[in-house]
Amino acid sequence: MSIPSLITAAPTEDLFEGRRTDLDAINTFAGIANRVVCISGVAGIGKTALLKQFFNAAIRRLNIMGQPHYQYALWLENDFKVLMNKWQLSSVHDVLDKLIRMNGDKLLCMDNAPQDPAQLAYLTEHKWTVIVTSQERIKETIPYELQEVSIDDAIRIFALYNGVDPDSLNIYETEMISDITCRLLQHTRSLEITGKYAGHKGWSLQEINQALKENGLNIPRLADISRQLTDVKVKAMYEKLAVIFPVGAEMAF
């Protein structure tokens with residue numbers, strides 16, 4: 001299949017489940033000319049995974065003539081330094097000048113973008129579609145704040161990380177995982193930490209739930225998840241997960 005000319009390598013695709021509404025929204029916003037789209041949200045909520053999914057789907061997308069939708073595609077993390085080194089250029093201005101000289105429609109996805117949008121906005125004036133992630137909203141961009149996953153998606157995500165086929169769950173298992181995901185605030189990285197480690201240890205769902213409860217992760221079944229999902233809450237949750245699941249210390253800090 002034809003793909004655009006990749007200026008940098010495409011990011012590795014992670015396990016991805018759910019977020020279909022979010023992905024559809026980003027695809028819609030990507031069609032708005034001359035504006036940078038900023039995906040924001042608390043740490044570990046799934047911003048990078050969503051951006052990777054969008055990027056890899058976009059470079060495979062063909063137009064009605066069977067040609068790549070974009071002529072060039074670029075994946076960056078944090079800033080333009082990779083391109084400065086790759087092209088042996090001394091300034092970001094020189095990088096931008098080279099990028100705007102490329103022909104056709106082009107795609108830039110930048111993970112953890114800087115807060116100053118001026119350079120990115122400049123590219124959108126020259127047929128670049130620009131989608132970025134940031135923990136904080138970036139001024140003068142189209143904001144899209146990523147929320148916790150739905151309970152149904154959270155159940156499927158946890159099951160997959162736990163090594164269980166989500167389509168084979170019985171009612172008892174679904175209910176138990178639902179309790180676990182609510183304790184974890186339906187937060188993507190927390191589901192990953194808990195599911196991976198508990199699956200590796202062969203813990204039962206009851207053992208996972210009990211360990212979470214004993215260590216202070218005891219979110220009521222019908223809690224208002226959205227209001228509780230703050231940076232402070234996520235940090236505290238990571239710290240508790242690091243105590244329960246050693247892999248959490250490596251992934252969260």
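These are my notes on a few spots I looked up in this predicted model.

**Thr-8**

I started with Thr-8, which sits in the loop between β1 (5-6) and α1 (20-30). Buried or exposed? Thr-8 comes out at 13% relative accessibility, so I put it down as buried, the cut-off being under 20%. Next I checked what its side chain does. A polar atom there lies 2.7 Å from the backbone oxygen of Trp-75. I then listed what Thr-8 touches, skipping anything up to four places away in sequence. Trp-75 turns up again, in a run with Ala-73, Leu-74 and Leu-76. Val-82, Leu-83 and Lys-86 complete the list.

**Helix α1**

From that loop I moved on to α1 itself. Which of its residues are buried? I found Asp-22, Leu-23, Ala-25, Ile-26 and Ala-30. Looking down the axis of α1, I see these buried residues within an arc of 160°, so they line one face of the helix. That spacing made me recall the usual rule: an α-helix has 3.6 residues a turn, so residues three or four places apart point the same way. On the face turned away from the buried side I noted Thr-21, Asp-24 and Thr-28, which are exposed. What covers the buried residues of α1? The cover includes two strands I noted, β5 (128-134) and β6 (142-145), along with β2 (37-40) and helix α2 (47-60).

**Thr-48**

Since α2 had come up, I picked Thr-48, which lies in that helix. Its relative accessible area is 26%, so I call Thr-48 partly exposed; buried would need under 20%, exposed over 50%. Leaving aside neighbours within four places in sequence, I get contacts from Thr-48 to Trp-75 and Asp-111. So Trp-75 is on my contact list for Thr-8 and on the one for Thr-48. I also checked Thr-48 against Tyr-144, which is 96 residues away along the chain. Their C-alpha atoms are separated by 13 Å.

**α6 against α7**

Last, I looked at how α6 (residues 151-161) and α7 (residues 171-183) pack. Their axes come within 9 Å and cross at roughly 100°. That falls in the 65 to 115 range, so I wrote the two helices down as roughly perpendicular to each other. Which classes of residue make up the contact? I have 8 nonpolar, 3 polar and no charged residues. From α6 the residues are Ile-151, Ala-154, Ile-155, Phe-158 and Ala-159. On the α7 side they meet Thr-174, Ile-177, Ser-178, Ile-180, Thr-181 and Cys-182.

Technical notes:
Residues are numbered from 1 along each chain as its sequence is written. This is a predicted model: local features need pLDDT of at least 70, side-chain atom pairs count only at pLDDT 80 or more; totals for chains, interfaces and linings use all residues. Side-chain values use heavy atoms; hydrogens and water are left out. Helices (H or I, at least four residues) and strands (E, at least two) are DSSP runs, numbered from the N terminus. Buried means under 20% relative accessible area, exposed over 50%, partly exposed in between (1.4 Å probe, protein chains only). A polar contact is a pair of N or O atoms within 3.5 Å; within protein, one must be able to donate a hydrogen and the other to accept it, and residues adjacent in sequence count only if both atoms are side-chain atoms. Contact means heavy atoms within 4.5 Å. The arc is that of the directions from the helix axis to the C-beta atoms. Axes are lines fitted to C-alpha atoms, for helices over the stretch in contact, and angles run from 0 to 180 degrees between N-to-C directions. Angles under 35 degrees count as roughly parallel, over 145 as roughly antiparallel, 65 to 115 as roughly perpendicular and the rest as oblique. Ala, Val, Leu, Ile, Met, Phe, Trp, Tyr, Cys and Pro count as nonpolar, Asp, Glu, Lys and Arg as charged, and the others, Gly among them, as polar.
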